[in-house]
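Subject: Handover of a structure

Dear colleague,

Please find the structure below, together with its sequence. The notes that follow set out what was found in it.

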Amino acid sequence: MRGVVTIRLDPELEKLLTRLSKQTGRTRSDLVRDALRRQLSLMRFDALRRKTLPFAGARGYLTDDDVVRDIS
């Protein structure tokens, strides 16, 4: 069984969602689900990043460039 979530959208956001739905041929629900998945992934990534930042800093990883330098 799938869960159901009801949200309220302001008129402008609803208009944008409807327009994108028509342009892409995807349902509004599909678009909202996809957007929510992406946002939740970003939020989890940010939380993990904040959690590991002190350990990374202690090892000299202060920027994304520091990480890229060592893994490239």
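A residue is called buried when its relative accessible area is under 20%, exposed when that area is over 50%, and partly exposed in between. D10 has a relative accessibility of 43%, and therefore counts as partly exposed. The same cut-offs apply to the other residues discussed below. Please bear in mind throughout that this is a predicted model.

The chain as a whole

The chain holds three helices and zero strands. Read from the N terminus, the order of its elements is α-α-α. The radius of gyration of the chain is 19 Å, whereas a compact globule of 72 residues would have one near 11 Å. Along the principal axes, the C-alpha trace spans about 50 × 25 × 25 Å.

As to the surface, buried residues make up 6% of the 72 residues. The accessible surface amounts to about 6,800 Å², and carbon and sulfur atoms account for 59% of it. With regard to charge, there are 16 positive and 10 negative side chains, and the centres of these two sets lie 8 Å apart.

The start of the chain and helix α1

D10, introduced above, is located in the segment before α1, a helix that covers 11-24. A polar atom of the D10 side chain lies 2.8 Å from the backbone nitrogen of L13.

S21 is placed in helix α1. Is S21 buried or exposed? S21 has a relative accessible area of 13%, and so it is buried. Which residues does S21 touch, once its neighbours within four places in sequence are left aside? S21 is then in contact with R26, T27, R28 and L31.

Helix α2

Helix α2 comprises residues 28-58, and A56 is found in it. A56 counts as partly exposed because its relative accessibility is 23%. D46 also belongs to helix α2. The relative accessible area of D46 is 37%, so D46 is partly exposed as well.

Both residues can be placed with respect to V67. A56 and V67 are 11 residues apart along the chain, and their C-alpha atoms are separated by 9.3 Å. For D46 and V67, which are 21 residues apart along the chain, the C-alpha separation is 16 Å.

Helix α3

Helix α3 is formed by residues 64-71, and D66 is one of them. Because its relative accessibility is 14%, D66 counts as buried. What does the side chain of D66 reach? It reaches the backbone nitrogen of L62, at 2.7 Å. Apart from its neighbours within four places in sequence, D66 is in contact with G60 and Y61.

In brief

The model is a predicted chain with three helices and zero strands, in which 6% of the residues are buried. S21 in helix α1 and D66 in helix α3 are described above as buried. D10, A56 and D46 are described as partly exposed.

Yours sincerely

How values were computed:
Residues are numbered from 1 along each chain as its sequence is written. This is a predicted model: local features need pLDDT of at least 70, side-chain atom pairs count only at pLDDT 80 or more; totals for chains, interfaces and linings use all residues. Side-chain values use heavy atoms; hydrogens and water are left out. Helices (H or I, at least four residues) and strands (E, at least two) are DSSP runs, numbered from the N terminus. The radius of gyration is taken over C-alpha atoms; the globule rule is 2.2 Å times the number of residues to the power 0.38. Buried means under 20% relative accessible area, exposed over 50%, partly exposed in between (1.4 Å probe, protein chains only). Accessible areas come from the Shrake-Rupley method with a 1.4 Å probe; for residues, only the protein chains shown count as cover. Lys and Arg count as positive and Asp and Glu as negative; His and the chain ends are not counted. The place of a charge is taken as NZ of Lys, CZ of Arg, CG of Asp or CD of Glu. A polar contact is a pair of N or O atoms within 3.5 Å; within protein, one must be able to donate a hydrogen and the other to accept it, and residues adjacent in sequence count only if both atoms are side-chain atoms. Contact means heavy atoms within 4.5 Å.
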